Amino acid sequence: MNKIKIGASLAAGAVLAAGLTACGGNSESGTSGSAAKADAANTAVVNPSDKKGGNLSFAMSSDWDSPDPGDTYYAFSWNFARYYSRALMTFNDAPGTDGLEVVPDLAESAGTPSDGGKTWTYKIRKGVKYDDGTEVTSKDVKYAVERSNFTSELQLGPKYFQQYLVDNPGGYKGPYKDKSKDGLKSIETPDDHTIVFHLNTPFSEFDYLAAMPQTAPVPRAKDTGVNYKKQMVSSGPYKVDSYVPGKEMKLSRNPNWAAGTDPLRKALPDTISVALNQNQDDIDNRLLSGAVHMDLAGAGLATAAQPKVLGNSAQKQHTDVATGSTLTYMAINTRTAPFDNAACRKAVQFAVDKVSVQTGLGGPVAGGAVASTILPPSVTGHEKFDLYPSAGNAGDQAKAKEQLAACGQPNGFSTTLTARADRPKEMAAAQAIQQGLAKVGIKVEIKSYPSGDYFTKYAGSPAFMKSNKVGLAMMKWGADWPSGFGFLQQVVDGRAIKPAGNTNLSETDIKAVNAMFDAATKETDTDERNAIYTQVDKAVMESADIVPLTYANQLLYRPANVTNVFVAAGWSGMYSYLNMGVK
């Protein structure tokens with residue numbers, strides 16, 4: 001999921017803390033604020049409470065790509081959207097590895113597979129109502145999947161359903177162009193509380209697709225296309241009162257939400273507010289003072305604030321060093337010259353000083369361990385290897401120059417690197433890359449853009465990358481679900497490339513790799529399936545399309561006035577927002 005999915009994003013993996021032994025959490029464990037220590041929220045609920053009332057305040061240095069659950073791919077967005085939308089399934093709201101399990105949300109139970117795993121049936125809970133008082137039906141879920149996966153207007157989320165559902169004869173163009181209004185033949189709604197998905201291949205991990213926010217119901221009559229984000233209908237405990245892009249969002253209670261239909265949510269605050277496009281250092285300072293409750297992006301404290309907490313025992317006890325099996329990396333666009341030559345890509349692989357990059361990200365604790373593979377250690381299919389080693393991970397200039405000569409650029413060349421302007425750590429990492437590549441004659445111009453538009457208009461737009469001759473792009477990615485498929489497919493499968501909202505920033509399109517993903521969906525043996533993910537990782541690294549930088553950590557901060565705080569493994573290692581409250 002990016003983009004912390006990035007790129008979508010939803011992401012999963014065991015929760016690890018630097019210097020600590022990773023261990024599973026218990027959904028009923030809890031630690032009071034006065035007793036909580038550093039890293040306590042990695043394995044337990046800190047400040048457990050059922051107290052209702054107050055306003056839960058968030059702030060963020062950018063804006064959403066879109067808050068529409070069917071048109072978004074940031075992990076924080078999927079996490080937050082659970083306030084006002086209910087997917088068929090969702091990640092278990094529990095600390096530690098318990099949080100990697102998917103559990104029923106709008107659905108009564110997990111999907112029932114048949115036809116060898118090519119058909120999946122879900123029963124929807126009865127009595128779930130939108131904020132306008134009308135009842136949620138299976139047809140609304142079908143419509144939500146159609147609009148989010150088959151329209152040209154909504155491009156920001158992943159298109160898993162489009163790839164794996166049986167298509168209509170002649171092709172299906174989505175509900176905005178389907179004059180028959182019958183929709184996809186491969187999604188059936190035999191009654192108001194049953195939905196059946198017919199796939200073109202067996203897919204043993206389909207419950208994870210059902211956990212995508214794209215399965216959150218949308219009534220056809222209330223859909224306004226790309227403008228739906230401004231007038232969304234709520235199926236969760238809160239309704240969106242207002243969303244002013246670039247400024248704020250405000251939520252209040254959904255008067256028609258019934259706790260009896262929703263065993264997952266406590267719905268503690270009376271209201272929820274989000275301040276957008278705030279300065280990151282200001283957000284961090286307000287977090288430390290308790291003036292704001294959460295940084296919505298969930299990417300951790302910026303470099304300027306890190307010494308304030310790590311060097312202060314009173315503040316450090318409110319921190320958690322967490323990872324949701326995420327990778328910070330740089331994509332090399334294989335369609336931008338001279339990177340259409342693999343040797344030029346390998347020159348960059350050898351030239352990057354990963355230790356300097358790690359320092360820019362906050363060092364080994366806050367930035368994470370230096371990476372050499374695409375799959376992080378806690379994602380199934382990971383195997384340790386390093387095709388581009390260097391002494392001390394500081395880069396090998398001699399090997400880089402050999403590759404430059406091999407690609408016909410012995411004196412180096414010039415290129416452009418994109419990064420997100422409102423993410424100070426990412427900008428610092430980009431500058432470290434710029435300095436390292438300069439040592440072998442590769443001149444890098446850094447161009448920065450806002451996070452909210454990064455995948456919509458810039459790095460995630462192949463047309464922009466081509467017209468602006470962008471060769472390199474900063475990226476941070478967490479798995480959509482805890483498997484090699486959930487981590488890799490949207491960033492290295494050529495069929496995942498989209499005209500906007502693209503997360504395959506390297507535009508990798510290797511036929512053998514695409515075929516491996518197809519083989520993995522049909523493979524029923526877990527070990528064999530994981531071995532395929534290892535092969536994908538090695539094949540893409542041999543092609544040198546991605547430069548792994550660090551297996552990312554986030555230095556998170558939890559103010560003492562926030563309740564029910566824990567690190568969510570299923571949400572890219574950020575805190576779970578679902579049941580937070582305020583003192």
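1. Two strands count as paired where DSSP finds at least two bridges between them. By that criterion, in this predicted model, strand E13 (residues 248–253) and strand E14 (residues 271–275) pair in the antiparallel sense over five bridges. For a reader who wishes to follow the register residue by residue, Lys 250 has Ser 273 in E14 as its bridge partner.

2. The pair E13 and E14 belongs to an open sheet of five strands, whose order is E12-E13-E14-E5-E15 and whose pairing is mixed. Strand E12 (238–244) and strand E15 (294–295) stand at the edges of this sheet, and because each has a single partner strand, one side of each is left without a neighbour in the sheet.

3. A further open sheet is built from four strands in the order E8-E9-E11-E10, and here the pairing is antiparallel. Its edges are formed by strand E8 (112–114) and strand E10 (187–191), each of which pairs on one side only. From one strand to the next, the twist averages 20 degrees.

4. Within the four-stranded sheet, E10 and strand E11 (residues 194–198) are joined by three bridges in the antiparallel sense, and the bridge partner of Asp 191 is Thr 194 in E11. Helix H2 (residues 138–150) packs on this sheet and touches both E10 and E11, with a direction that makes about 170 degrees with that of E10.

5. Which cysteines are joined by a disulfide? The count comes to one disulfide, and this bond links Cys 344 to Cys 407 with an S to S distance of 2.1 Å. The link between Cys 344 and Cys 407 is right-handed, with 80 degrees about the S-S bond. Cys 344 lies in helix H8 (residues 342–351), whereas Cys 407 lies in the loop between helix H11 (397–406) and strand E18 (413–420), so the disulfide ties together parts that are 63 residues apart in sequence. Both Cys 344 and Cys 407 are buried.

6. Two packed helices are described by the angle between their axes and the distance between the axes. For helix H15 (residues 484–492) and helix H16 (residues 511–522), the axes come within 11 Å and cross at roughly 150 degrees, and the crossing of H15 past H16 is left-handed. On the H15 side the residues that meet H16 are Phe 485, Leu 488, Gln 489 and Val 492, while H16 contributes Val 513, Asn 514, Phe 517 and Thr 521. Sorted by character, the residues of this contact are five nonpolar, three polar and no charged.

7. Gln 489, which takes part in the contact of H15 with H16, is also one of the residues in contact with Gln 163. Gln 163 is placed in helix H3 (residues 160–164) and, once its neighbours within four places in sequence are left aside, is in contact with Asn 200, Gln 489, Asp 493 and Arg 495. The C-alpha atoms of Gln 163 and Ala 496 are 8.8 Å apart, although these two residues are separated by 333 residues in sequence.

8. Is Lys 466 buried or exposed? Lys 466, which has its place in helix H14 (residues 462–467), has a relative accessibility of 70% and therefore counts as exposed, the cut-off for that class being over 50%. The C-alpha atom of Lys 466 is separated by 9.3 Å from that of Asn 333, a residue 133 residues away along the chain.

Conventions
Residues are numbered from 1 along each chain as its sequence is written. This is a predicted model: local features need pLDDT of at least 70, side-chain atom pairs count only at pLDDT 80 or more; totals for chains, interfaces and linings use all residues. Side-chain values use heavy atoms; hydrogens and water are left out. Axes are lines fitted to C-alpha atoms, for helices over the stretch in contact, and angles run from 0 to 180 degrees between N-to-C directions. Helices (H or I, at least four residues) and strands (E, at least two) are DSSP runs, numbered from the N terminus. A crossing is left-handed if the near helix is turned anticlockwise from the far one by less than a right angle, and right-handed if clockwise. Contact means heavy atoms within 4.5 Å. Ala, Val, Leu, Ile, Met, Phe, Trp, Tyr, Cys and Pro count as nonpolar, Asp, Glu, Lys and Arg as charged, and the others, Gly among them, as polar. A disulfide is a pair of cysteine sulfur atoms within 2.5 Å. Buried means under 20% relative accessible area, exposed over 50%, partly exposed in between (1.4 Å probe, protein chains only).
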